[in-house]
Amino acid sequence: MEQTLNHFENAAFSATACDMEGTIVYQNALSIKRKGDVRGKSVFGCHKEKSNEIIRRMLKSGESYTYEIVIHGQHRLIQQMPWYQVAGGEMSGLLEIIIDLPEGYPTFDRDKEKLKK
């Protein structure tokens, strides 16, 4: 498993993965720095029940979940999605990517730009 995600090790975002039972099987360096080393622990012990319901649904359905939070004044984009050990294979669990968003980051509406042409 870790070899599949090792290219995330020193990325500028936090990456955490769990298997289909909710056991945390991977954390990159930033994830460990922020959350501590929780590999081998249950993802369900790290969240409130409402979040656990969403995680269970995602593990069952394979759907993704995206949202933004603000913590200590820092905006963060959270993307939780299925991951696969083999492309086109069965889902292996969930991967969570947390990206720190810079203040005043731009948004480009490519649909509107097409209409202007």
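**Exercise 1. Strand S5 and its cover**

Task: In this predicted model, find out how many of the nine residues of S5 are buried.

Solution: A residue counts as buried when its relative accessible area is under 20%, and this is the cut-off to apply along the strand. Going through S5 in this way, one finds that seven of its nine residues are buried, and the strand is therefore described as mostly covered. For the chain as a whole, 32% of the 117 residues count as buried.

**Exercise 2. The order of the strands**

Task: Determine in which order the five strands lie in the open sheet, and whether the pairing is parallel or antiparallel.

Solution: Begin with the general idea that strands of a sheet pair through backbone hydrogen bonds, in either a parallel or an antiparallel sense. In this chain, which has four helices and five strands, the strands form an open sheet in the order S2-S1-S5-S4-S3, and the pairing is antiparallel. The edges of this sheet are S2 (24–27) and S3, each of which pairs on one side only. Neighbouring strands are turned against each other by 20 degrees on average, when direction is ignored. The order in the sheet can then be set beside the order along the sequence, where the chain follows the pattern α-β-β-α-α-β-β-β-α.

**Exercise 3. Partners across the sheet**

Task: Establish how many bridges join S4 to S5, and which residue of S5 is the bridge partner of Cys18.

Solution: Take the pairs of strands one after another.

- S1 and S5 pair in the antiparallel sense over six bridges; in S5, Leu94 is the bridge partner of Cys18, while Ala15 stands opposite Ile97.
- S4 and S5 run antiparallel and are joined by nine bridges; here Gln80 stands opposite Glu96 in S5, and His75 has Leu101 of S5 as its bridge partner.
- S3 and S4 also run antiparallel, with seven bridges between them, and Tyr67 stands opposite Ile78 in S4.

The strands S3 and S4 form a hairpin with two residues between them, and in this turn His72 has a positive phi of about 55 degrees.

**Exercise 4. The two sides of helix H3**

Task: Identify which residues of H3 are buried and which residues on the other side of H3 are exposed.

Solution: The helix H3 runs over residues 49–61, which makes 13 residues, and from its first C-alpha to its last it reaches 18 Å, close to the 18 Å expected at 1.5 Å a residue. Its buried residues are Asn52, Ile54, Ile55, Met58 and Leu59. These residues lie on the same side of H3, because they cover an arc of only 160 degrees around the axis. It helps to recall that an α-helix has 3.6 residues a turn, so residues three or four places apart point the same way. On the other side of H3, Lys50 and Lys60 are exposed.

The next step is to ask what the buried residues of H3 meet, and they pack against S1 (14–19), S3 (65–71), S4 (74–83) and S5 (93–101). The helix thus packs on the sheet, and its direction makes about 125 degrees with that of S5. After the helix comes Gly62, whose phi is positive, near 80 degrees.

**Exercise 5. The nonpolar cores**

Task: Work out which element gives the largest share of the largest nonpolar core.

Solution: The largest nonpolar core has 11 residues in all, namely Cys18, Ile24, Val38, Val43, Phe44, Ile54, Ile55, Met58, Leu59, Met91 and Leu94. The largest share, four residues, comes from H3. There is also a second, separate core of seven residues, which includes Phe8, Trp83, Leu95 and Ile97.

**Exercise 6. A closer look at Gln74**

Task: Decide whether Gln74 is buried, exposed or partly exposed, and find how far Gln74 and Met91 are apart in space.

Solution: Gln74 lies in strand S4. The relative accessible area of Gln74 is 26%, and Gln74 is therefore partly exposed, given that this class lies between the limits of 20% and 50%. Leaving aside its neighbours within four places in sequence, Gln74 is in contact with Ile69, Asp100 and Leu101. Gln74 and Met91 are 17 residues apart in sequence, and from C-alpha to C-alpha they are 32 Å apart in space. This distance can be read beside the span of the C-alpha trace of the chain, which is about 50 × 35 × 30 Å along its principal axes.

How values were computed:
Residues numbered from 1 in each chain as written. Predicted model: local features only at pLDDT ≥ 70, side-chain atom pairs only at ≥ 80, totals over all residues. Heavy atoms only, no water. Expected span 1.5 Å × (residues − 1). Buried < 20%, exposed > 50% of the residue type's maximum accessible area, 1.4 Å probe, protein only. Arc of directions from axis to C-beta. Contact = heavy atoms within 4.5 Å. Core = buried A, V, L, I, M, F, W, Y, C linked by side-chain atoms within 4.5 Å. Pairing = 2+ DSSP bridges. Axes fitted to C-alpha atoms, helices over the stretch in contact; angles between N-to-C directions.
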